[in-house]
Amino acid sequence: MARDPENNQPPLRIAFDRHTDALVRRIAMAVREEGGRLLLVGGCVRDALLGIAPKDADAEVYGIDAAELEKLVGRFLRVSLVGKS
């Protein structure tokens, strides 16, 4: 596992179930292929720090505009834009 260059620590390993892990990895790779960066945030990170298996994944994506991200994620999941303003 690669170390974080800023603090020389290995990255946090988040132990999702197999299905969620594979899905998160596929989406993250697709984001990277489009020139973006996906960061896991929120409850899944908190749970991993507490040694609890997360039930879902929250992410922030940088480097891809909203319309392109919607199309990209739509290749893997149903996208609901409830609350979009």
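# Pocket, turns and salt bridges

Visitor: Which residues lie nearest the centre of the second largest pocket?
Guide: The lining of this pocket is made of 24 residues. A pocket here is an open set of points on a 1 Å grid over the protein atoms alone, where a 1.4 Å probe fits and protein lies on both sides within 12 Å along at least five of seven lines; a lining residue has an atom within 4 Å of a point. Nearest the centre you'll find A57, A59, L69, V73 and L77.

Visitor: Before we go on, what pLDDT do local features need in this model?
Guide: Residues are numbered from 1 along each chain as its sequence is written, and side-chain values use heavy atoms, with hydrogens and water left out. This is a predicted model: totals for chains, interfaces and linings use all residues, side-chain atom pairs count only at pLDDT 80 or more, and local features need pLDDT of at least 70.

Visitor: What pattern does the protein follow along its sequence?
Guide: The protein has three helices and two strands. These are DSSP runs numbered from the N terminus, with helices being H or I over at least four residues and strands being E over at least two. Read along the sequence, they give α-β-α-β-α.

Visitor: Which elements give two or more residues to the lining of the second largest pocket?
Guide: Start with the space itself, which is about 520 Å³ in the second largest pocket. That volume is what probe spheres fill when set on the grid points, with points joined across faces, edges and corners. The elements that give two or more residues to this pocket's lining are α1, β1 (37–41), β2 (58–62) and α3.

Visitor: How many of the lining residues are nonpolar?
Guide: Ala, Val, Leu, Ile, Met, Phe, Trp, Tyr, Cys and Pro count as nonpolar, Asp, Glu, Lys and Arg as charged, and the others, Gly among them, as polar. The lining of the second largest pocket has six charged and three polar residues, and its nonpolar residues number 15.

Visitor: What share of the residues in the protein is buried?
Guide: A residue is buried under 20% relative accessible area, exposed over 50% and partly exposed in between, using a 1.4 Å probe and protein chains only. Accessible areas come from the Shrake-Rupley method with that 1.4 Å probe, and for residues only the protein chains shown count as cover. The protein exposes about 6600 Å², with 52% of that from carbon and sulfur atoms. Out of 85 residues, the buried share is 20%.

Visitor: How many salt bridges turn up in the whole structure?
Guide: To count, a side-chain nitrogen of Lys or Arg must be within 4 Å of a carboxyl oxygen of Asp or Glu. One of them joins K71 and E68, with the closest N and O atoms 3.2 Å apart. A search of the whole structure gives a total of three.

Visitor: How far apart along helix α3 are K71 and E68?
Guide: K71 is exposed at 54% relative accessibility, and E68 is partly exposed at 38%. They are separated by about one helical turn because, within α3 (residues 66–74), they sit apart by three residues.

Visitor: Which residue pairs with R25 in a salt bridge?
Guide: Look in helix α1 (residues 18–33), where R25 has its partner four residues away, about one turn of the helix. R25 is partly exposed at 46%, whereas its partner is buried at 16%. The bridge spans 2.9 Å, N to O, and the partner is D21.

Visitor: Is D47 buried or exposed?
Guide: D47 is in helix α2 (residues 43–50) and shares a salt bridge of 2.9 Å, N to O, with R46. R46 is partly exposed at 47%. With a relative accessible area of 13%, D47 counts as buried.

Visitor: Which residues does D47 touch, leaving out those up to four places away in sequence?
Guide: Touching means a contact, with heavy atoms within 4.5 Å. Further back along the chain, I14 has its C-alpha atom 8.4 Å from that of D47, though 33 residues separate them. Leaving out residues up to four places away, D47 touches I52, A53, P54 and K55.

Visitor: And P54, which residues does it touch under that rule of four places?
Guide: P54 lies in the loop between α2 and β2, and is buried at 6%. Its C-alpha atom is 8.3 Å from that of D17, which is 37 residues away in sequence. P54 touches I14, A15, F16, C44 and D47.
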